[in-house]
2 protein chains.
Amino acid sequence: MDKSKIKDDFRSFLVEKGLKSTRQREEILDEFLRDGAHLSAEDLYMRVRSNNPRIGYATVYRTLKLFAECGIAEQRQFGDGQTRYESTTVDEHHDHLICTCCGKIVEFEDPEIEHLQEKVAAAHGFIIERHRLNLFGRCRDCQAS
Amino acid sequence: MDKSKIKDDFRSFLVEKGLKSTRQREEILDEFLRDGAHLSAEDLYMRVRSNNPRIGYATVYRTLKLFAECGIAEQRQFGDGQTRYESTTVDEHHDHLICTCCGKIVEFEDPEIEHLQEKVAAAHGFIIERHRLNLFGRCRDCQAS
DNA sequence: CCCCAAATGAAAATGAGTCTCAATTTAATT
DNA sequence: AATTAAATTGAGACTCATTTTCATTTGGGG
């Protein structure tokens, strides 16, 4: 949750990889951290643009991939055809409840489920690196209609 | 698992919807049921083509969507940019272990996990319609490298 | 300050999936 | 068997997210 730590992480990552720290990358990261959960490249592009209209589409895409590679963001697919990115704080990640009616997304975590996942994986000889759990259904509001 | 029952299901579905049973749909369904777990439209197109090169791309896409609508197939995204379809037997569905190294996909089911999912969803006021659980990691063979 | 590898932006390219439309086929009806 | 209306098909055009290309600009070590 500490934004300046995340920024430092990213800068270190760039140095290690022999990449450069640029104004654009900083701006994109700032905007990415400003709030938005589940931002698509398009979303982020729009936001960044409103501060600095000279930033290109491709740069946003490229930078987002760097975030993922660096580990400060994770890619998600919710089935609407757009890849969405979510900022991660190292030891924290969450699963999602997605309303098939209104599209609302609720995050949750459940240690018990995680533990069972490890168990299942181990039974098949796998070592888990990450997981994706999406529950699709109807939220309370949409159960009326 | 009873292929002729699945075919009958699909035929009934077509009748109910006022749609027509065609040679192409039969051929595509036959090929779809022949084996392939996790077929992409492209995969299936290739296979169908090897029997009948006159079948079009669009027809395969359209038919696959019908399968999904009918409930004899489910769509899956494994993050490689292609939608994959998996044949379903009504009450049976599975989650996946995906090796990030060799791409191997292992299916599993765990009633305990499912139960916990229901619980979590209920706690947030959701009624689950379906879920997707993917565990990414390294399979036994790839843990060496 | 110089240099060059890396980065950028604009535009073209790609690739999965969808749509259009003229020609064909299905299946219900004469 | 012939008729017919509606559904289907195949080819290719199209969409839209994402990637690549390439000429130009920029970061930062020497």
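How many residues of the surface near DNA strand C are nonpolar, how many polar and how many charged? In this predicted model, the surface near DNA strand C has 5 nonpolar, 9 polar and 7 charged residues, and it is worth going through that surface step by step before turning to DNA strand D.

There are 21 residues around DNA strand C, and those that come nearest are T22(A), R25(A), T59(A) and R62(A), together with T83(B) from the other chain named here. If one looks instead at the strand itself, and takes the atoms of DNA strand C that come within 4 Å of the protein, sugar and phosphate account for 75% of them.

The bases of DNA strand C also have polar contacts, and two of these can be found by their side chains. In chain A, a polar side-chain atom of R62(A) lies 2.7 Å from a base nitrogen of the strand, while in chain B an N or O atom in the side chain of K20(B) is 2.8 Å from a base oxygen. A contact with the backbone of the strand is made by Y61(B), which has a polar side-chain atom 3.0 Å from a phosphate oxygen.

Which elements supply these surroundings of DNA strand C with at least two residues each? They are helix 2 (23-34) and helix 4 (57-70) of chain A, along with helix 4 (57-70) of chain B, and of these helix 4 of chain B gives the most, with 4 residues.

We now turn to the other strand. DNA strand D is surrounded by 22 residues, of which the closest are Y61(A), T22(B), R25(B), T59(B) and R62(B). Among the atoms of DNA strand D within 4 Å of the protein, sugar and phosphate account for 72%. By class, the residues of the surface near DNA strand D divide into 6 nonpolar, 9 polar and 7 charged.

Lysine 20 of each chain has a place in the contacts with the bases of this strand: a side-chain N or O atom of K20(A) is 3.2 Å from a base nitrogen of DNA strand D, and a polar side-chain atom of K20(B) lies 2.8 Å from a base nitrogen of DNA strand D. At the phosphates, a polar backbone atom of G56(B) is 3.1 Å from a phosphate oxygen of DNA strand D. Two or more residues of the surface near this strand come from each of helix 4 of chain A, helix 2 (23-34) of chain B and helix 4 of chain B, and here helix 4 of chain A gives the most, with 5 residues.

Methods:
Residues are numbered from 1 along each chain as its sequence is written. Chains are lettered from A and ligands numbered from 1 in the order in which they are written. This is a predicted model: local features need pLDDT of at least 70, side-chain atom pairs count only at pLDDT 80 or more; totals for chains, interfaces and linings use all residues. Side-chain values use heavy atoms; hydrogens and water are left out. A residue is near a molecule or strand if one of its heavy atoms lies within 4 Å of it. A polar contact is a pair of N or O atoms within 3.5 Å; within protein, one must be able to donate a hydrogen and the other to accept it, and residues adjacent in sequence count only if both atoms are side-chain atoms. Ala, Val, Leu, Ile, Met, Phe, Trp, Tyr, Cys and Pro count as nonpolar, Asp, Glu, Lys and Arg as charged, and the others, Gly among them, as polar.
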